[in-house]
Amino acid sequence: MAFVITEPCIGVKDASCVDVCPVNCIKSSPEAEQYFIDPGTCTNCNYCEPVCPVTAIFDAFNVPAQYDAYILKNKQFFS
Ligand code: SF4
Ligand code: SF4
């Protein structure tokens with residue numbers, strides 16, 4: 001399982017996580033409201049989670065229930 005970016009990223013998008021990801025798997029687009037993690041590339045290194053200023057990043061196994069839908073949203077961004 002990969003790490004997942006959830007709702008608190010919306011409107012923040014400061015890319016702190018992008019700067020620390022060693023495999024460059026955190027992406028967005030000008031139209032997207034948030035950043036997303038490619039679950040096929042993420043190595044679960046956990047470098048990104050502590051640098052997020054709004055606690056938007058979770059291990060997929062520990063995503064809070066209210067953010068469950070973001071597991072699929074992250075995956076779909078790359079499909
Ligand atoms: S856990 Fe590591 S590999 Fe996965 S998105 Fe975060 S920094 Fe990148
Ligand atoms: S560090 Fe947090 S708020 Fe900033 S882009 Fe990454 S997930 Fe979004």
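These are my notebook entries on a predicted model of one protein chain with its ligands.

**Entry 1: overall layout**

I began with the secondary structure. The protein chain has two helices and four strands, and from the N terminus on I read the order as β-α-β-β-β-α.

Next I looked up the overall dimensions. The radius of gyration is 11 Å, and a compact globule of 79 residues would have one near 12 Å, so the two agree. Along the principal axes, the C-alpha atoms fill a box of roughly 25 × 25 × 25 Å.

How much of the protein chain counts as buried? I found 23% of the 79 residues. I also checked how far contacts reach along the sequence: among those between residues at least 6 apart, 70% join residues at least 24 apart.

**Entry 2: the nonpolar core**

The largest nonpolar core has 16 residues, and Ile5, Cys17, Ile37, Cys48 and Ile57 touch the most other members. Two elements give two or more residues to this core, β1 (3–5) and β3 (36–37). Which element gives the largest share? That is β1, with three residues. A general reminder for my margin: in soluble globular proteins, nonpolar side chains tend to be buried together.

I then followed Ile57 outward. Setting aside residues up to four places away in sequence, Ile57 touches Phe3, Ile5, Cys17, Cys48, Glu49 and Cys52. Ile5, Cys17 and Cys48 are also on my list of core residues that touch the most other members.

**Entry 3: the two ligands**

Around ligand 1 I found 14 residues, with Cys21, Cys42, Cys45, Tyr47 and Cys48 the closest. The shell of ligand 1 divides into 11 nonpolar residues, three polar and no charged.

Around ligand 2 there are 14 residues, and those that come nearest are Cys9, Val12, Ser16, Cys17 and Cys52. How does the shell of ligand 2 divide? I noted 11 nonpolar residues, one polar and two charged.

Some names recur in my notes. Cys48, listed among the closest to ligand 1, is touched by Ile57. Cys17 and Cys52, listed among the nearest to ligand 2, are touched by Ile57 too.

**Entry 4: the loop between β3 and β4**

I stopped at three residues here. Asn44 is found in the loop between β3 and β4 (57–59), and its phi is near 60°, a positive value in a residue other than glycine. Is Asn44 buried or exposed? Asn44 counts as exposed, because it has 12 C-beta neighbours inside 10 Å.

Thr55 is found in the loop between β3 and β4 as well. The phi of Thr55 is positive, near 50°. Thr55 is exposed, since 12 other C-beta atoms lie within 10 Å. These two angles caught my eye for a general reason: most residues other than glycine have a negative phi.

Pro53 also has its place in the loop between β3 and β4. With 11 other C-beta atoms within 10 Å, Pro53 is exposed. Beyond its neighbours within four places in sequence, Pro53 is in contact with Asp14 and Ser16. Pro53 and Asp14 are 39 residues apart in sequence, yet 8.7 Å apart in space, C-alpha to C-alpha. Ser16 is one of the residues that come nearest to ligand 2.

**Entry 5: the loops on either side of β2**

Asn24 lies in the loop between α1 (16–20) and β2 (26–27). Asn24 is exposed, because 9 other C-beta atoms lie within 10 Å. I paired Asn24 with Thr41: they are 17 residues apart in sequence and 8.4 Å apart in space, C-alpha to C-alpha.

Gln34 sits in the loop between β2 and β3. Gln34 is partly exposed, with 19 other C-beta atoms within 10 Å, and a residue needs 20 or more to be buried. Which residues does Gln34 contact, leaving aside its neighbours within four places in sequence? They are Ile5, Cys9, Ile10, Lys13 and Ser28. By contrast, the C-alpha atoms of Gln34 and Cys45, 11 residues apart along the chain, are separated by 21 Å.

**Entry 6: after the last helix**

Phe78 lies in the segment after α2 (69–77). I put Phe78 down as partly exposed, as it has 13 other C-beta atoms within 10 Å. Apart from its neighbours within four places in sequence, Phe78 is in contact with Asp38 and Gly40. The C-alpha atoms of Phe78 and Lys27 are separated by 8.9 Å, with their places 51 residues apart along the chain.

Conventions:
Residues are numbered from 1 along each chain as its sequence is written. Chains are lettered from A and ligands numbered from 1 in the order in which they are written. This is a predicted model: local features need pLDDT of at least 70, side-chain atom pairs count only at pLDDT 80 or more; totals for chains, interfaces and linings use all residues. A residue is near a molecule or strand if its C-beta atom, placed from the backbone, lies within 6 Å of it. Ala, Val, Leu, Ile, Met, Phe, Trp, Tyr, Cys and Pro count as nonpolar, Asp, Glu, Lys and Arg as charged, and the others, Gly among them, as polar. The radius of gyration is taken over C-alpha atoms; the globule rule is 2.2 Å times the number of residues to the power 0.38. Two residues are in contact if their C-beta atoms, placed from the backbone, lie within 7 Å. A nonpolar core is a set of buried Ala, Val, Leu, Ile, Met, Phe, Trp, Tyr and Cys residues joined through C-beta atoms within 7 Å.
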